[in-house]
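Okay, thanks everyone, let's get going. I'll put the chain up on the screen and then talk you through a few things in it.

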Amino acid sequence: MHERGSATFNEAFDLTAKLFPHEMTANINAATMEIERGNLNAAYNYLQRYQDQPEAWNVLGVLYMLQKRYDDAEVYLWKALSVGNEDAHENLFVLRSLKR
């Protein structure tokens, strides 16, 4: 297993998204990797077609939070929380501290 964030780990996520461009999970994973790398535009490119999918809502919320689009972030994080995504709860806490 490759260490999260390592070059080979990132290459695997990128390659998977390229090999399976219509696979939602591959695109969400690639978007998460790009967020971790600070490539927010690339992350958005992976996520844009999944804005109506609950699996993507938390990641979209994080992306918008990092872009300082706090109102959009809040919408998506609440949506993610409403479908049981517990990570969204912690991200909402972070968002509240940023909005102060």
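I'll start with the overall picture, go on to the core, and finish with the last helix and one asparagine.

So, first thing: this is a predicted model. The protein chain has six helices and zero strands, so reading from the N terminus you just get α-α-α-α-α-α. Of its 100 residues, 35% count as buried. If you take contacts with a separation of 6 or more, 39% of them are between residues 24 or more positions apart. The accessible surface is about 6,300 Å², and 53% of that belongs to carbon and sulfur atoms.

Now the core. The largest nonpolar core has 25 residues, and L47 and L60 have the most contacts inside it. Which elements give two or more residues to this core? Those are α2 (24-37), α3 (40-47), α4, α5 and α6. The most comes from α4, with eight residues. If you want to click on one residue here, try L47: leaving out anything up to four places away in sequence, L47 touches I28, A31, A56, V59, L60 and L63. As a general point, nonpolar side chains in soluble globular proteins tend to be buried together.

On to α6, residues 86-99. That's 14 residues, and from first C-alpha to last the helix reaches 20 Å, close to the 20 Å expected at 1.5 Å a residue. Its buried residues are A88, N91, L92 and L95. Look down the axis and these buried residues fall within an arc of 110°, so they line one face of the helix. They pack against α4 (54-66) and α5 (70-82). Turn to the face away from that buried side and you find exposed residues: E86, E90 and F93. Yes, there's a phenylalanine, F93, in that exposed set. At the N-terminal end, N85 caps α6, with a side-chain oxygen 3.0 Å from the backbone nitrogen of D87.

Last stop is N58, over in helix α4. Is N58 buried or exposed? It has a relative accessible area of 9%, and the cut-off for buried is under 20%, so N58 counts as buried. What does the side chain of N58 pair with? There's a polar contact of 2.9 Å to the side chain of N91, and N91 is one of the buried residues of α6. Beyond its neighbours within four places in sequence, N58 is in contact with L77, A80, N85, D87, A88 and N91. Note that N85, the capping residue of α6, is on that contact list too.

Methods. Residues are numbered from 1 along each chain as its sequence is written. This is a predicted model: local features need pLDDT of at least 70, side-chain atom pairs count only at pLDDT 80 or more; totals for chains, interfaces and linings use all residues. Side-chain values use heavy atoms; hydrogens and water are left out. Helices (H or I, at least four residues) and strands (E, at least two) are DSSP runs, numbered from the N terminus. The expected span of a helix is 1.5 Å times one less than its number of residues. Buried means under 20% relative accessible area, exposed over 50%, partly exposed in between (1.4 Å probe, protein chains only). The arc is that of the directions from the helix axis to the C-beta atoms. Contact means heavy atoms within 4.5 Å. A polar contact is a pair of N or O atoms within 3.5 Å; within protein, one must be able to donate a hydrogen and the other to accept it, and residues adjacent in sequence count only if both atoms are side-chain atoms. A nonpolar core is a set of buried Ala, Val, Leu, Ile, Met, Phe, Trp, Tyr and Cys residues joined through side-chain atoms within 4.5 Å. Accessible areas come from the Shrake-Rupley method with a 1.4 Å probe; for residues, only the protein chains shown count as cover.
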